Every structure is written in structure tokens, then in C-alpha cells.
Amino acid sequence: MATQRILIVGGVAGGMSAATRLRRLIEDAEIVVFERGGHVSFANCGLPYYLGGVIDDRASLLLQTPESLRSRFELDVRVRHEVIAIDRAARTVRVRDLEHGTESDEHYDALILSPGANPVRPEIPGAERMLTLRDIDDVDAAMSALSGAPRTALVLGGGFIGLEMTENLLHRGIAVTLVERNPQVLTPLDPEMAEPVAARLRAAGVDLRLGAEVVALGADTAIFADGDTVAADIVIAAIGVRPETTLAVRAGLALGPRGGISVDDQLRTNDPAIYAIGDAVEKVDSLSGEQRLVPLAGLANRHGRLVADVIAGKPVVVRDALGTAVVGVLDLTIAVTGWNEKQLRAAGREIRVIHTHPASHTGYYPGAQPMALKLLVDARTDEILGAQGVGGDGVDKRIDVIATAMAGRLTASDLADLELAYAPQYSSAKDPVNMLGYVALNALEGLTPAIQWHELADELEAGATLIDVRSPGEYRGGAIPGSLNIPLDDIRERIAEIPAGRLIVHCKVGQRGHTAVRLLSQLGREAVNLDGGYLTWSAGTAAATRLVAA
């Protein structure tokens, strides 16, 4: 006889990770999974790429079936079964068979809730024709819409999913209008880091509408708040998701301040027999210790495994969430971890900001691709608070290294001493992560003070002189207004030409600026570096211009 009966509400990432881990740990338990949809285990992160034709085999998205899970793991998986109520006192759930319309009560010793999240749909006229992309039924409906050979599409939402949808619609030859209510795409990024992404979208022909709002949908059009109208044969909502908490609320389970299910450090709800995981659950933020929603597949999978360990009696530590994420669009890789500058400044944190623009690998080996990295550091403790990366190959692994360093409580300066794999086709002898560490160490020791792109205008208004230490050719190709061009190699000979007072030094990306600051400082001048150089300033001012216009 089974010694324990464990019920799981919801499959996919969290629920199925919990179910299979439980079987590996407790062979004699009875494990039953109820899934409201028709598929219990599928690659939901692959759905946009199936829609775009990058993945051409629908069957490859279906990872497991009830039959395969029964055969390998002796799991009782019931699709098209919805749990509609929980009787906590009796330890039973009420289950509705959606195909036959019957209902039954099922007893549990332990109950795991993994209900996921629901796509946000704006309540506007015509909203009924919006498509979403959360499960196999959604992607089948979208593929049906594409069979009508639409020529135009509207994507609502410039977040990770919205960008993936945009790229895949472009793959199908469809003209795309991408709408984002905020003044930038990808709000986890800071504006100067998001600007290259917006530029890439526009270069690909996307009609990018930032700071815009759709107020109604016609049969084949979309109407904006300013009265403008665009063609939209199909409309996809990728605005975001809300935690699915209906069942939890009905059962009297506690919610957190962000509207998700509240759990402790063992993933228990306020009922000790009921656990919750996945997108419906609030996580503890690694920097603030506060509750937040982090709807990421990696966390759902990890917590599915951990909740199984808790039920099996294993010692478990549920780590706080960093929110590490990555997305690819139009040959750009965009990755983030931790907090961004906007959040940190709003929270009143005293921070240092570091921008670098390294190549993906050593420049003499063919195929090196540029990237932009941003590191956010506590100015007092040197703690790493967050990082962002945008570029080609290698962005993901650099952010992963930084996320690992954050989890291990390494400081920003510690990055300089990391021993990372090097060969010319993969990196440089001084890896981009090491370079961030060198810059952080120089700032910590006071060797190279720096200002940010958004601080430059105030510095110049206060009387500072801006020195561009790039070559004359680079200067002619584009320069910051009001700057004086004195190439780095000429500073010693031309020191008399440099006006008295505070100096702001810049090059293209910051490295020559660092050398110039060290030289000028040793020549008795007060000099600071413009962090990230001309590239960061250009992206930041372009983003700021659009913000003002919005």
C-alpha cells in the first residue's frame, strides 16, 4: 500500500519537476497530477519559435505524455481535469473532469499547487481577437490565424515575450507593429542598454511605438490613444502575466503583497499540508529581502525539485531570487541579473555604475562581436547589485558568471581575480568579466573616478571641460558637442592647451579614458572618466531624447 498520497495541481515546469523528483525519492507514494489543459509537459518557452517556423515539428514541443509518465515514473496524470476547490479540514480537493462533466473528491496527505499565471489582456473594444501564447492550445489557435496569410501584425508589449513574438512574426514575412506603453523596450534594462535593442528592431523594419497605448481594435486595425491607426490583421498580447491564485484564494490561503501565493522558506503556504511553486508564487528578492513575482521557467523547475525534497524530508535551502533572464532577438542577446539602476536609485542606494564595451573574444581571431556590459555595485561595500548585457555571442555566459558571483557573495572587485576559460575563439586573456572587476577595483581604490552619461550635462554647465582623447578620425565621425579633441598619445605634449579646472575625459568605450585620467592626475590635473565613453553616452542621450518626446 502507498504510504503517502501527494496531489499536484498543474503540470509543465514546476508541477512535473515536483512529480518526477518525488518518484525518484519516494517509490511507494501515490502521486496524482491534475492538469486543466490538454498537455501536461510541453516546452512553453519554445512556443514563439514554433509559431515563427524556427521549430517546425509540433511534436518536439511535447516533452512527456500521461502514458510515458505512467510507464517510467508510475505517475497518475490526468489532463483536462481542473481542481475547483480545496477542503483543507478534510484534506480533499474537488476535481472536475472537463471532458465528461463529472466531479469527484480526492484525498491528499500533501498538496502542491503549481497553477502558473494567466496572460494579461487589456480591456479594450475588440480585445476578444487578441491571441496569447501560454500553452499548446494557444499556439494552435495562433497557427490557425497564421494560416489565413496575414500581412500585418500588432504585438502588445515590449518585454521578453513580445520581442520573441516580434522576431518570429518577422521570420514569417509579416509586417510588425510593436507597442510598448513605457518609453523603452525591456524595462528590466536601463535606457542606455535598451536603446541598441530598439535600434535593431527599427533596422529590421519593425514599426516600434514606445510610450504608446492601443485603445481599441477594429476587424483588421488598431487604434491608438492619439488617434493614429495601423493595420493589424492579427494581434498578439504579450503584456505580461498575473499569478493564477483563484483556487488558493477560495481555500483561504494567504497571498503576499504582490498578489501571488505566499510561501515560507520551505515552499509551504499558511497551511502546512499545502505547498506552492512556480509563477503563481511570490519569491524573496535577493537584494531587498522583499517579496516579488519572478515568472521564470528556471525558478519554477528548481522549486519543483526543492518542494519534492521538502516533502521527502530532505534538508532544503530555497535561495532568494536574482531574476536572471536572457532573450535573443534579431541576432542580439540581452541578459540581466539583479536590480537595474532605475530600481537602485529609486530605493536610495548609493551605487557605482560601470559600463564596458568588450568584444566577445579576442579581436585578432575572426568573428569577434561587440557587446555592452553594465555592472551595478554598492559604493560602500563593493557588493554586486546587478548586471546587464547586450550584444552578440558570449553575453549570456558573462551574465551567468556574474549571477553566480552574486550567489556566492563575491564582490565586484573579486571579479578581477576569477580564473575563467580562455582561448582566442571564446574570450580574451582578460575576460570581459575580469575587465569589469578591474574597473570596479580602480573605482574602489580611487584610481579612476568616473561620472555617468546622464551626469555630463550638469558637469559641463558647472564649468568642467570635456576632453575627447580619441583619434582625429574618430572625432570627425561623431563627437559630443563642446568637446576638445586631444588624442591620448598627444596629452603630454599638449598639456598646456588644456584649460584649467575640472576635466571630464572620454574615449569610445572608456579604456583610453582610464589611461588619460591616470596620466592627467599624475600631471597634477583633476580629471574623471566618462564611464562607458562615447558609445554609452550616444545610447543614453538617444534614449533620453525619446523619453522627453514621450
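**How do we know? Reading the labels in this model**

Analyst: Let's start with one pair: L156 has V179 as its bridge partner in β13. This is a predicted model, where local features need pLDDT of at least 70 and side-chain atom pairs count only at pLDDT 80 or more, while totals for chains, interfaces and linings use all residues. Residues are numbered from 1 along each chain as its sequence is written, and side-chain values use heavy atoms, with hydrogens and water left out.

User: How do you know that β12 and β13 are joined?

Analyst: Two strands pair if DSSP finds at least two bridges between them. Strand β12 (residues 152–156) and strand β13 (residues 175–180) are joined by 5 bridges and run parallel, so they pass that test. Strands here are DSSP E runs of at least two residues, and helices are H or I runs of at least four, numbered from the N terminus.

User: What makes β11 and β14 edge strands?

Analyst: The open sheet has 5 strands in the order β11-β18-β12-β13-β14, with parallel pairing. At its edges, β11 (130–131) and β14 (207–210) each pair on one side only.

User: Which way do β7 and β8 run, parallel or antiparallel?

Analyst: Antiparallel: β7 and strand β8 (residues 103–107) pair over 5 bridges. V93 faces E106 in β8. The two strands make a hairpin with 5 residues between them, and G101 in the turn has a positive phi of about 75 degrees.

User: Why is T92 called buried?

Analyst: Buried means under 20% relative accessible area, exposed means over 50%, and partly exposed is in between (1.4 Å probe, protein chains only). T92 has 18% relative accessibility, so it counts as buried. T92 sits in strand β7 (residues 92–97). Beyond four places away in sequence, T92 touches A85, I86, D87, E106, H107 and Y108, where contact means heavy atoms within 4.5 Å.

User: And what makes A276 buried?

Analyst: A276 is at 0% relative accessibility, so the label fits. A276 belongs to strand β20 (residues 274–276). Apart from neighbours within four places in sequence, A276 contacts L113, I261, V263, L267, T269 and V281.

User: Why does R476 count as exposed?

Analyst: R476 comes out at 69% relative accessibility, so exposed is the word. R476 is in helix α13 (residues 472–476).

User: What about Y422: why is it partly exposed?

Analyst: Its relative accessibility is 40%, so Y422 gets the in-between label. Y422 lies in the loop between α10 (395–407) and α11 (432–444). Together with Y364 and Y365, Y422 forms a nonpolar surface patch of about 360 Å² accessible area. For that name, nonpolar side chains must be joined within 5 Å, with over 30% relative accessible area and no salt bridge.

User: How many residues are in the largest nonpolar core?

Analyst: There are 49, with L22, I86, L111, I112 and L113 touching the most other members. Helix α8 (residues 297–311) gives the largest share, 5 residues. A nonpolar core is a set of buried Ala, Val, Leu, Ile, Met, Phe, Trp, Tyr and Cys residues joined through side-chain atoms within 4.5 Å. Leaving out residues up to four places away in sequence, L22 touches I6, I8, I31, I112, A308 and I311. Another core, of 42 residues, lies apart from it, with L51, L210, I334 and V390 among them.

Key: Patches are made of residues with over 30% relative accessible area and no salt bridge: like charges are joined within 9 Å, nonpolar side chains (Val, Leu, Ile, Met, Phe, Trp, Tyr) within 5 Å. Accessible areas come from the Shrake-Rupley method with a 1.4 Å probe; for residues, only the protein chains shown count as cover. A salt bridge is a side-chain nitrogen of Lys or Arg within 4 Å of a carboxyl oxygen of Asp or Glu.
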